[in-house]
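Biologist: I am new to this structure. Please take me through a few of the labels used for it, with the reasoning behind each.

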Amino acid sequence: MYANRVLSGMRPTGGLHLGHYHGVLKNWVKLQHEHECLFFVADWHALTTHYDSPEIIQNNVWEMVIDWLAAGVDPNQATLFIQSQVPEHAELHLLLSMITPLGWLERIPTYKDQQEKLTEKDLSTYGFLGYPLLQSADILIYRANQVPVGEDQVPHIEFTREIARRFNHLYGREPGYEQKAEAAIKKMGSKKARLYEELRNRYQEQGDDAALEAGHALINEQQNLSLGDRERLFGYLEGGGKVILAEPQSLLTVASRMPGLDGQKMSKSYNNTITLREDAESVTKKIRTMPTDPARVRRTDPGTPDKCPVWALHQIYSDESTRNWVQNGCISAGIGCIECKQPVIEGVLKEQEPMRERAKMYTDSPSLVRNLIADGCEKAREHARDTMRDVREAMRLRYD
């Protein structure tokens with residue numbers, strides 16, 4: 001329908017850890033070579049829970065961007081930008097808030113869940129209630145059709161789809177819409193026009209998803225259609241109006257298996273993290289002092305790898321032969337815990353080495369980071385302006 005575009009963002013919470021790398025950034029690095037990607041710093045989203053300490057957010061932004069670059073996110077392959085530097089996000093959020101039923105926001109699963117978890121914060125604000133709508137605006141402003149999320153975020157994408165559907169239903173019925181759509185069909189030529197009508201009937205009468213997909217492909221093949229005609233044909237195919245805001249799809253990502261230093265999920269709240277660019281001495285000390293199987297009080301005591309947090313890290317950083325060596329050595333007490341930890345230390349340091357090297361260029365020259373983000377913000381604004389032009393026109397808010 002629109003460009004095959006991926007959008008994803010992260011709140012600026014400070015330096016990122018290896019859990020962020022394995023859970024998000026490795027996927028971003030892969031996606032940037034497969035799709036048009038936009039990755040943004042969600043600083044307005046951070047304000048929903050940290051509105052009383054904005055200075056923390058500001059300080060965290062640049063550290064997080066450097067971590068992205070260190071992990072291999074490439075500004076020549078993807079557009080990197082800061083949410084608050086593209087004010088069209090706020091404008092679309094405001095306009096969408098006019099048509100969003102309050103009950104839709106209140107039923108988002110994470111709304112009550114976060115209120116229960118963050119009891120130390122005053123979250124009785126519109127900003128917190130409305131953050132899923134701001135998230136929808138983030139996606140819809142770029143007409144992104146794929147959003148990488150975990151299973152817990154799928155309801156947010158479905159909410160965004162409902163918002164787009166409601167907007168298109170309310171404002172996509174331009175005067176003479178059917179006549180303009182029929183005229184656009186004729187521009188395709190008689191053979192392709194017949195095929196379009198056949199696919200449209202199959203989808204609307206039988207719910208044939210394959211026909212819908214084929215119809216989308218057929219429209220995209222047409223070189224002689226204006227953008228307005230394409231949007232009308234997409235909407236007419238689906239039985240709605242002109243498609244102004246594209247409905248995104250969830251791009252499910254596998255949940256990170258990255259364990260922390262205590263065996264729990266790696267998280268700042270558990271104080272069990274290793275940061276992406278942490279120095280080698282600190283990393284070595286942290287892993288060497290990790291807790292192990294409590295049954296191994298003495299070097300000669302046999303252990304059980306499954307009960308040891310270090311074993312979980314071996315699943316990430318060790319090959320099969322090393323894992324076999326660890327398992328046999330632990331069960332038989334043939335190796336000690338310090339010996340067991342050494343391959344993990346080496347694996348983590350090897351993973352971090354190119355990150356530290358890539359980061360050095362940016363830490364040595366902060367203006368370089370700011371310049372590439374400024375370029376990304378301008379590219380993002382170009383996309384956002386295009387969308388807002390169509391939104392204002394659809395809502396009769398253009399007076400030029």
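Modeller: One term first: contact means heavy atoms within 4.5 Å. The model is a predicted one.

Biologist: With which residues is Asp229 in contact, leaving aside its neighbours within four places in sequence?

Modeller: Asp229 is in contact with Lys180, Ala184 and Lys187. Asp229 itself has its place in helix α13.

Biologist: Why does Asp229 count as buried?

Modeller: Buried means under 20% relative accessible area. Asp229 has 6% relative accessibility, so Asp229 counts as buried.

Biologist: What makes α11 oblique to α13?

Modeller: Helix α11, residues 190–206, packs with helix α13, residues 227–238, at an angle of about 40°. The axes of the two helices are 8 Å apart. Angles under 35 degrees count as roughly parallel, and 65 to 115 as roughly perpendicular. The angle of about 40° falls in neither range, and therefore α11 is called oblique to α13.

Biologist: Which residues make that contact?

Modeller: On the α11 side they are Tyr196, Leu199, Arg200, Tyr203 and Gln204. On the α13 side they are Leu233, Tyr236, Leu237 and Glu238. By type, the residues of this contact divide into six nonpolar, one polar and two charged.

Biologist: Where does the charged end of Arg200 sit?

Modeller: The charged end of Arg200 sits over the ring of Tyr236, 3.7 Å from the ring's centre. Elsewhere, Arg370 lies over the face of Trp62, at 4.3 Å from the ring centre.

Biologist: Why is Leu195 called partly exposed?

Modeller: Leu195 has its place in helix α11. Buried means under 20% and exposed means over 50%, with partly exposed in between. The relative accessible area of Leu195 is 36%, so Leu195 is partly exposed.

Biologist: Is Glu346 buried, partly exposed or exposed?

Modeller: Glu346 has a relative accessible area of 48%, so Glu346 is partly exposed. Glu346 has its place in helix α17, residues 337–364. The C-alpha atoms of Glu346 and Asp386 are separated by 49 Å, with their positions 40 residues apart along the chain.

Biologist: How many aromatic pairs does a search of the whole structure find?

Modeller: The search finds seven aromatic pairs. One of them joins Trp28 and Phe39, and this pair is stacked.

Biologist: How do you know that the pair of Trp28 and Phe39 is stacked?

Modeller: Rings pair if their centres lie within 6.5 Å, and planes under 30 degrees apart count as stacked. For Trp28 and Phe39 the distance is 4.2 Å centre to centre, with 0° between the planes. Both values meet the cut-offs, so the pair is stacked.

Biologist: What does this pair tie together?

Modeller: Trp28 lies in helix α1, residues 18–31, and Phe39 lies in strand β2, residues 36–41, so the pair ties together parts that are eleven residues apart in sequence. Trp28 is buried, with a relative accessible area of 1%, and Phe39 is buried at 0%. Ring pairs also link Trp28, Phe39 and Trp68 into a cluster.

Biologist: Why is the pair of Phe128 and Tyr131 called tilted?

Modeller: The ring centres of Phe128 and Tyr131 are 5.7 Å apart and the planes are at 35°. Stacked needs under 30 degrees and edge-to-face needs over 60, so the pair is tilted. Phe128 counts as buried at 1% relative accessibility, and Tyr131 is buried with a relative accessible area of 8%.

Note on methods. Residues numbered from 1 in each chain as written. Predicted model: local features only at pLDDT ≥ 70, side-chain atom pairs only at ≥ 80, totals over all residues. Heavy atoms only, no water. Axes fitted to C-alpha atoms, helices over the stretch in contact; angles between N-to-C directions. Helix = DSSP H or I, 4+ residues; strand = E, 2+ residues; numbered from the N terminus. Parallel < 35°, antiparallel > 145°, perpendicular 65-115°, else oblique. Nonpolar A, V, L, I, M, F, W, Y, C, P; charged D, E, K, R; others polar. Buried < 20%, exposed > 50% of the residue type's maximum accessible area, 1.4 Å probe, protein only. Phe/Tyr/Trp six-rings, centres within 6.5 Å; stacked < 30°, edge-to-face > 60°. Lys NZ or Arg CZ within 6 Å of the ring centre and 35° of its normal.
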